[in-house]
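Student: I would like a close look at a single part of this model, the first helix and what surrounds it. Please take it slowly and set it against the chain as a whole.

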Amino acid sequence: MTISSNTAIEAAILDKPLLILQPNIPYHYNYNKNQHHDHLAKAQAGEIIKNRKDLIYALTRVTTEPN
């Protein structure tokens, strides 16, 4: 699981599922005015998690589906 880090690269290299956390987090716009942290979500690099329901659904799929 990651918002934006090397974890995504490691998951891709190791062929592991990636959960991209995209919660609604307030931040200081003057310090964070780029869209760096949503790059993984835009690239559809893994399952996008925006809330609790998304997380439960993704974890259920990862642990029960054979592929």
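Tutor: A residue is called buried when its relative accessible area is under 20%, exposed when that value is over 50%, and partly exposed in between. By that definition, buried residues make up 16% of the 67 residues in the chain, and, as this is a predicted model, every value that follows is computed from predicted coordinates. The accessible surface of the chain comes to about 5,700 Å², with 54% of that area belonging to carbon and sulfur atoms.

The chain contains three helices and two strands, which follow one another along the sequence in the pattern α-β-α-β-α. Among contacts between residues at least 6 apart in sequence, 50% join residues at least 24 apart.

Before helix α1 comes a segment that holds I3. With 32% relative accessibility, a value between the limits of 20% and 50%, I3 counts as partly exposed. The C-alpha atoms of I3 and H39 are 9.3 Å apart in space, although 36 residues separate the two in sequence.

Helix α1 itself spans residues 6–13, and one can describe it through two sets of residues, one belonging to a core and the other to a surface patch. The core is the largest nonpolar core of the model, and its six residues are A8, A11, L18, I20, L40 and A41. At least two residues of this core are supplied by α1, and at least two by α2, which covers residues 39–42. Within this group A8 deserves a separate word, since, once neighbours within four places in sequence are left aside, A8 is in contact with T2, L18 and L40.

The surface patch is nonpolar, has an area of about 350 Å², and is made by I9, I13 and L14. I9, which is placed in α1, has a relative accessible area of 52%, and because this is over 50% it counts as exposed.

After the helix, the loop between α1 and β1, the latter being residues 19–21, includes D15. D15 is exposed, because its relative accessible area of 69% is over the 50% limit. The backbone of D15 also calls for attention, as its phi is positive, at about 55 degrees, although D15 is not a glycine. Most residues other than glycine have a negative phi.

Taken together, the part you asked about joins a helix that contributes to the largest nonpolar core with an exposed I9 in a nonpolar surface patch, and the loop after it carries a non-glycine residue, D15, with a positive phi.

Definitions and conventions:
Residues are numbered from 1 along each chain as its sequence is written. This is a predicted model: local features need pLDDT of at least 70, side-chain atom pairs count only at pLDDT 80 or more; totals for chains, interfaces and linings use all residues. Side-chain values use heavy atoms; hydrogens and water are left out. Patches are made of residues with over 30% relative accessible area and no salt bridge: like charges are joined within 9 Å, nonpolar side chains (Val, Leu, Ile, Met, Phe, Trp, Tyr) within 5 Å. Accessible areas come from the Shrake-Rupley method with a 1.4 Å probe; for residues, only the protein chains shown count as cover. A salt bridge is a side-chain nitrogen of Lys or Arg within 4 Å of a carboxyl oxygen of Asp or Glu. Helices (H or I, at least four residues) and strands (E, at least two) are DSSP runs, numbered from the N terminus. Buried means under 20% relative accessible area, exposed over 50%, partly exposed in between (1.4 Å probe, protein chains only). Contact means heavy atoms within 4.5 Å. A nonpolar core is a set of buried Ala, Val, Leu, Ile, Met, Phe, Trp, Tyr and Cys residues joined through side-chain atoms within 4.5 Å.
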